[in-house]
Amino acid sequence: MRHLLMIYTNAQTWGHPAFLRTPQALAMQEDERAALTAQAEALIQEIVESGELVGGEALADPADTRTIRVRGGAPVAMDGPFVEAKEHLAAYFVVDCESTERAMEIAARFPDARFAAVEVRPVMSSSGEEM
């Protein structure tokens with residue numbers, strides 16, 4: 001089953017890796033921050049080696065986002081993501097694992113889950129079937 005893991009962070013502390021920019025991580029000792037980085041790198045290596053990682057990318061600053069809406073038949077572009085939240089999508093990963101429970105286990109191991117949120121969503125095919 002494929003799942004989209006969406007990492008959210010606060011736009012006021014924007015940067016990558018997002019988990020190192022949080023107030024909690026910034027208050028940590030350098031060795032604790034290094035341990036978080038090692039944890040994230042080990043997780044990525046594990047899901048690459050297991051074949052579960054399909055892909056993923058860090059996203060640019062929300063300030064560079066454009067939202068497109070079609071109104072009256074014409075596209076209108078606006079600056080910003082315009083979501084009613086303090087958190088913004090910072091990165092995503094697509095994993096292909098045996099179950100939603102495994103996808104949730106992977107998501108919980110991202111350091112970002114300690115400081116913000118990692119959303120887990122099944123991916124559907126164009127026919128509406130879960131992949």
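Two residues are in contact here when heavy atoms of theirs lie within 4.5 Å. Keep that in mind for this tour of a predicted model.

**Start with the whole chain.** Colour by secondary structure and you will find four helices and six strands. Followed along the sequence, they run β-α-α-β-β-β-β-α-α-β. The C-alpha atoms fill a box of roughly 55 × 40 × 20 Å along the principal axes. Of the 131 residues, 30% count as buried. Among contacts with a separation of 6 or more, 71% join residues 24 or more positions apart.

**Select Leu5.** Which residues does Leu5 touch, leaving aside its neighbours within four places in sequence? Its contacts are Ala91, Tyr92, Phe93, Val95, Ala103, Ile106, Ala107, Phe110, Val118, Glu119 and Val120.

**Widen to the core.** Leu5 belongs to the largest nonpolar core, a set of 13 residues. Add Ile7, Val95, Ile106, Phe110 and Val118, which along with Leu5 have the most contacts inside this core. Strand S1 (2-10), helix H2 (30-49), strand S5 (87-96) and helix H3 (100-109) each supply at least two of its residues. Then select Phe19, Leu20, Ala25 and Ala40: they are part of a second, separate core of seven residues.

**Turn to helix H3.** Show the side chains of Arg102, Ala103, Ile106 and Ala107, which are buried. Looking down the axis of H3, you will see the buried residues within an arc of 140 degrees, so they line one face of the helix. On the other side of H3, Glu101 and Ala108 are exposed. What covers the buried residues of H3? Display S1, H2, S5, helix H4 (112-115) and strand S6 (117-122), which are included in that cover.

**Visit the largest pocket.** Select Pro17, Phe19, Ala40, Phe93 and Asp112, the residues nearest the centre of the largest pocket among the 16 that line it. The pocket holds about 250 Å³ of space. H2 gives the most to the lining, with four residues, while strand S2 (53-58) and S5 each supply at least two. By type, the lining divides into eleven nonpolar, two polar and three charged residues.

**Finish at Pro17.** This pocket residue sits in the loop between S1 and helix H1 (23-26). Is the peptide bond from His16 to Pro17 cis or trans? Zoom in on the backbone there: the bond is cis, with omega near -5 degrees. For comparison, most peptide bonds are trans.

Methods:
Residues are numbered from 1 along each chain as its sequence is written. This is a predicted model: local features need pLDDT of at least 70, side-chain atom pairs count only at pLDDT 80 or more; totals for chains, interfaces and linings use all residues. Side-chain values use heavy atoms; hydrogens and water are left out. A nonpolar core is a set of buried Ala, Val, Leu, Ile, Met, Phe, Trp, Tyr and Cys residues joined through side-chain atoms within 4.5 Å. Buried means under 20% relative accessible area, exposed over 50%, partly exposed in between (1.4 Å probe, protein chains only). The arc is that of the directions from the helix axis to the C-beta atoms. On a 1 Å grid over the protein atoms alone, a cavity is a set of points where a 1.4 Å probe fits but cannot get out, and a pocket is an open set with protein on both sides within 12 Å along at least five of seven lines; lining residues have an atom within 4 Å of a point. Grid points are joined across faces, edges and corners, and a volume is the space filled by probe spheres set on the points. Ala, Val, Leu, Ile, Met, Phe, Trp, Tyr, Cys and Pro count as nonpolar, Asp, Glu, Lys and Arg as charged, and the others, Gly among them, as polar.
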